[in-house]
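Got the viewer open? Keep the selection box handy, and we'll walk through this one stop at a time.

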Amino acid sequence: MTPVEQPLRCLAVRVVHDDAGEIDGIELEAFLNHVAGRNLWLSTTDWLFVEPPAEAEGHVTVPVLMPEGIAVQAILNDLTNEPQRIMFDLPTTPAETRKWRWVAFQSAPNNQGQGRFPWEAAHA
């Protein structure tokens, strides 16, 4: 029997561009560590599995995965930012969670070949 995954949310986070016009990864990491906490999120630079949500209103966004409780706290922490960086959030389906596990495997493989999410690896 497959273990039940904890509820996860995928946030559409508006990016900041660096002087070269690229996504400023250092700034994005600092923002996510501030609103969610270190090792409590996972991101890709592209929407690999679904299209960016229409609610992102034309902003460039990246998908960021985190546990549901952490996502709620991150959204609350972002309410004081002007403009807000978290544009939209949605729950992940089991299929999307498996795909995110593959992303996690790229940096934190486990013995089951699935990969650990950063918040799991920090407690392993």
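Which residue in β3 is the bridge partner of L42? Select L42 and look across to β3: the partner is L65. Bear in mind as you click around that this is a predicted model.

**Stop one: the sheet**

Widen the selection to β2 and β3, residues 61-67. These strands pair in the antiparallel sense, over two bridges. Now add the other strands, and you have an open sheet of four with the order β2-β3-β1-β4 and antiparallel pairing. The edges are β2 (42-43) and β4 (86-91), each of which pairs on one side only. As a reminder of what holds such pairs together, strands of a sheet pair through backbone hydrogen bonds, either parallel or antiparallel.

**Stop two: a proline in the sheet**

Stay with β3 and pick P63, which is found in that strand. Is P63 buried or exposed? With a relative accessibility of 2%, under the 20% cut-off, P63 counts as buried. Show its surroundings, leaving aside neighbours within four places in sequence, and you'll find P63 in contact with C10, L11, L42, S43, T44, D46, W47 and W100. L42 is the residue we began with, the bridge partner of L65. For a sense of distance, draw a line from P63 to A30: C-alpha to C-alpha they are 16 Å apart in space, and 33 residues apart in sequence.

**Stop three: helix α1**

Select residues 25-35, which make up α1. This helix lies across β1 (8-14), β2, β3 and β4, and runs at about 130° to β1. Colour L28, F31, L32 and V35, the buried residues of α1. Look down the helix axis: these residues fall within an arc of 95°, so they line one face of α1. The general spacing rule is worth recalling: an α-helix has 3.6 residues a turn, so residues three or four places apart point the same way. What do the buried residues of α1 pack against? Their partners are β1, β2, β3, β4 and helix α2. Turn to the other side of α1 and you'll see I26 and H34, which are exposed.

While you're here, click E27, also in α1. E27 has a relative accessibility of 24% and so counts as partly exposed. Once neighbours within four places in sequence are set aside, E27 is in contact with V16 and R85. V16 sits eleven residues away along the chain, and the two C-alpha atoms are separated by 7.3 Å.

**Stop four: the loop after α1**

Move along to N39, in the loop between α1 and β2. Check its backbone: phi is near 65°, a positive value in a residue other than glycine. As for cover, N39 counts as partly exposed, at 38% relative accessibility.

**Stop five: helix α2**

Next, select residues 68-78 for α2. Which residues of α2 are buried? They are A71, A74 and D78. Sight down the axis of α2 and these residues fall within an arc of 60°, so they line one face of the helix. Show what lies over them: the cover includes β1, α1, β3 and β4.

**Stop six: a cis peptide**

Carry on into the loop between α2 and β4, where P83 has its place. Zoom in on the peptide bond from E82 to P83, which is cis, with omega near 0°.

**Last stop: the whole chain**

Clear the selection and zoom out. The protein chain has four helices and four strands, and reading along the sequence gives the pattern β-α-β-β-α-β-α-α. The C-alpha trace spans about 45 × 25 × 25 Å along its principal axes. The radius of gyration is 14 Å, which agrees with the value near 14 Å that a compact globule of 124 residues would have. Of those 124 residues, 37% are buried. Take the contacts between residues at least 6 apart in sequence: 68% of them join residues at least 24 apart. To finish, switch on the surface: the protein chain exposes about 7,500 Å², and carbon and sulfur atoms supply 54% of that area.

Terms used. Residues numbered from 1 in each chain as written. Predicted model: local features only at pLDDT ≥ 70, side-chain atom pairs only at ≥ 80, totals over all residues. Heavy atoms only, no water. Pairing = 2+ DSSP bridges. Contact = heavy atoms within 4.5 Å. Axes fitted to C-alpha atoms, helices over the stretch in contact; angles between N-to-C directions. Buried < 20%, exposed > 50% of the residue type's maximum accessible area, 1.4 Å probe, protein only. Arc of directions from axis to C-beta. Rg over C-alpha atoms; globule rule 2.2 N^0.38 Å. Areas by Shrake-Rupley, 256 points an atom, 1.4 Å probe, with all protein chains shown as cover.
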